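Here is a quick walk through the features that a geometry search turns up in this entry. Have the structure open as you read.

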Amino acid sequence: MTKEIQKKYAKLLVVTGMNVQKGQSVVISADVNQEEFVSYVVEECYNAGASEVDIRWDSQVISKINYKKQSLKTLCETPNWIKERYQKEVDDCSPYLWIISQDPDGLNGVNKSKLQKASVARRKVRKTYMDQIEGKQQWCIGSVPSPEWAKKVFPNLPTDEAVEKLWQAILDTVKVTEKNDPILAWKKHNAAIAGRCKKLNDMKLKKLTYKSKNGTNFTVELIPQALWCGGAGKTTSGIKFNANMPSEEVFTTPMKGKAEGKVVSTKPLSYRGQLIENFSITFKKGKAVEVYAEKGQKILEDMIQSDENAGYLGEVALVPKESPINTSGVLFYETLFDENASCHLALGAGYCDTIKDFDKMSLEDCYALGVNDSVIHVDFMVGADDLSITGISEDGTKHQIFKDGTWAI
Ligand code: ZN
Ligand code: ZN
């Protein structure tokens with residue numbers, strides 16, 4: 001991919017993604033193999049007025065060695081210097097950019113239960129810091145191809161071609177082309193999504209029923225105070241940002257404890273470097289009580305036991321089958337993309353900032369309304385071509401929301 005296009009994309013992540021403001025101290029997390037692209041992003045951060053840019057370099061190759069060689073006790077610990085870094089991020093309320101490029105299979109061979117225990121332990125510590133700036137922080141997840149990821153997506157192509165093809169697929173989904181102004185394209189896109197959210201919010205939906213001939217037969221209740229959101233978000237201080245690039249979904253937070261029936265996955269789920277395929281989850285009183293997976297059964301079972309609330313839902317998201325990620329036909333093996341190809345649900349934490357007047361409430365207030373709290377948040381796809389979703393309003397009115405896998409409103 002040409003440097004010019006990469007720079008255009010870097011600017012989009014900084015201006016539309018994080019929306020870096022003058023004087024802000026930015027944090028970027030990226031893999032060591034992405035130095036060139038990260039340098040473009042850093043340049044754009046300073047152009048936007050950043051006071052400093054702190055890079056959290058990561059290496060999946062080294063992480064894998066650490067997972068194998070370190071004791072579980074060491075892996076579970078968060079050293080003080082890392083905690084101080086987290087604290088600075090809280091104190092500065094730093095905009096945060098994650099640049100994803102990892103190999104979806106990169107942690108294969110690591111003991112799965114060790115990996116699970118270690119990441120849950122470290123996430124618990126990380127979460128105490130994240131909770132302090134929830135709703136206040138601008139953040140964005142973007143991605144660039146690595147050779148390993150590209151070969152996973154396009155296994156039959158030579159590495160160079162695969163990387164180029166994955167670049168193209170990524171840029172298509174984030175609306176970056178040679179000729180266009182992607183920042184303007186995102187303004188229009190955000191406005192269209194906002195219109196859809198308004199329609200749904202005006203319906204005051206109490207619950208949604210999903211039906212598909214693949215076996216999905218499922219009802220989920222919503223939180224009366226939770227809003228349908230999508231596209232650009234806003235911090236409590238009023239700064240707009242786009243947390244996910246790409247982003248096609250319109251989503252809300254469901255009521256904890258109020259989901260019944262079975263959902264059948266329609267795309268594989270890549271979870272911490274491992275694939276779960278052809279699976280179904282059955283809910284009773286809001287909790288996943290039965291899971292079945294043709295591949296990755298144990299991973300799925302462990303996932304829903306990450307903590308006491310990991311088996312409850314945290315997100316309900318609607319994506320029409322015409323989404324550019326779906327029509328590209330590419331399976332990215334990366335949730336950031338694949339979740340935007342299809343209607344999905346998430347197991348684990350709900351988004352407190354979907355609650356109306358969230359900025360005047362504590363996290364505890366939100367949990368009391370029915371937002372789930374967990375160390376995990378894992379999206380899985382349920383959008384089939386024939387999926388029908390019916391909404392029932394608080395006053396009992398029925399609305400056909402989705403018909404044959406796409407918007408009916
Ligand atoms: Zn989502
Ligand atoms: Zn999600």
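Searching the whole structure, which is a predicted model, turns up three cavities of 30 Å³ or more. The largest cavity holds about 60 Å³ of space. Which residues line the largest cavity? Going along the chain, they are Lys112, Leu115, Gln116, Tyr271, Arg272, Gln274, Ile299, Asp302 and Met303. Two helices turn up here with at least two lining residues each: α6 (112-130) and α10 (297-303). Sorted by class, the lining comes out as four nonpolar, two polar and three charged residues.

Now for the metals. Take the zinc ion (ligand 1): Glu249 (OE), Glu315 (OE), Glu339 (OE) and His344 (NE2) coordinate it, at 2.0 to 2.3 Å. For the zinc ion (ligand 2), the protein donors are Glu315 (OE), His377 (NE2) and two OD atoms of Asp379, at 2.0 to 2.6 Å. How far apart are the zinc ion (ligand 1) and the zinc ion (ligand 2)? They sit 3.3 Å from each other, and Glu315 coordinates both.

Here are the angles among the four donor atoms of each site:

| Site | Donor angles | Geometry |
|---|---|---|
| zinc ion (ligand 1) | 75 to 156° | irregular |
| zinc ion (ligand 2) | 53 to 137° | irregular |

Why does the site of the zinc ion (ligand 2) count as irregular? Four donors need all angles between 85 and 135 degrees to count as tetrahedral, and the angles at the zinc ion (ligand 2) run from 53 to 137°. Square planar is out too, because that label needs opposite donors over 155 degrees apart.

Along the sequence, the donor residues of the zinc ion (ligand 2) follow the spacing E-x61-H-x1-D. Glu315 belongs to strand β15 (residues 313-318) and Asp379 to strand β17, so this pair ties together parts that are 64 residues apart in sequence. Both Glu315 and Asp379 are buried.

For the zinc ion (ligand 1), the donor residues are spaced E-x65-E-x23-E-x4-H. Glu249 comes from the loop between β9 (240-241) and β10 (250-252), while His344 is in strand β16 (residues 344-348), so here the pair ties together parts that are 95 residues apart in sequence. Glu249 and His344 are both buried as well.

The loop between β9 and β10 is worth a second look, as it is also where Pro246 has its place. A cis peptide bond joins Met245 and Pro246, with omega at about 10°.

On to the charged side chains. How many salt bridges does a search of the whole structure find? The count is 18. Five residues are linked in a network of such contacts: Asp54, Arg56, Arg85, Glu89 and Arg126. Within that group, Arg56 pairs with Asp54, the closest N and O atoms being 3.3 Å apart. Arg56 also meets Glu89 in a salt bridge, again with an N to O distance of 3.3 Å. Glu89 lies in helix α5 (residues 80-92) and Arg56 in strand β2 (residues 52-58), so this contact ties together parts that are 33 residues apart in sequence.

Are these side chains buried or exposed? Glu89 and Arg56 are buried, and the relative accessible area of Arg56 is 12%. Asp54 has 25% relative accessibility and so counts as partly exposed.

A further salt bridge brings together the side chains of Asp386 and Lys213, at 3.7 Å from N to O. This one joins two loops: Asp386 lies between β17 (377-381) and β18 (388-393), and Lys213 between β5 (205-211) and β6 (217-222), so the pair ties together parts that are 173 residues apart in sequence. Asp386 is partly exposed, with 21% relative accessibility, whereas Lys213 is exposed at 76%.

Last, a look at the backbone. Asn19 has a positive phi, near 55°, though it is a residue other than glycine. Asn19 is found in the loop between α1 (3-18) and β1 (25-31). Lys204 likewise has a positive phi without being glycine, with a value near 50°. Lys204 is in the loop between α9 (182-203) and β5, and is exposed with a relative accessible area of 52%.

How values were computed: Residues are numbered from 1 along each chain as its sequence is written. Chains are lettered from A and ligands numbered from 1 in the order in which they are written. This is a predicted model: local features need pLDDT of at least 70, side-chain atom pairs count only at pLDDT 80 or more; totals for chains, interfaces and linings use all residues. Side-chain values use heavy atoms; hydrogens and water are left out. A salt bridge is a side-chain nitrogen of Lys or Arg within 4 Å of a carboxyl oxygen of Asp or Glu. Buried means under 20% relative accessible area, exposed over 50%, partly exposed in between (1.4 Å probe, protein chains only). Helices (H or I, at least four residues) and strands (E, at least two) are DSSP runs, numbered from the N terminus. Donors are N, O and S atoms within 2.8 Å of the metal (3.2 Å for Na, K and Ca); water is not among the atoms, so sites may look incomplete. Four donors count as tetrahedral if all angles lie between 85 and 135 degrees; four count as square planar and six as octahedral if opposite donors are over 155 degrees apart and all others between 65 and 115; anything else is irregular. On a 1 Å grid over the protein atoms alone, a cavity is a set of points where a 1.4 Å probe fits but cannot get out, and a pocket is an open set with protein on both sides within 12 Å along at least five of seven lines; lining residues have an atom within 4 Å of a point. Grid points are joined across faces, edges and corners, and a volume is the space filled by probe spheres set on the points. Ala, Val, Leu, Ile, Met, Phe, Trp, Tyr, Cys and Pro count as nonpolar, Asp, Glu, Lys and Arg as charged, and the others, Gly among them, as polar.
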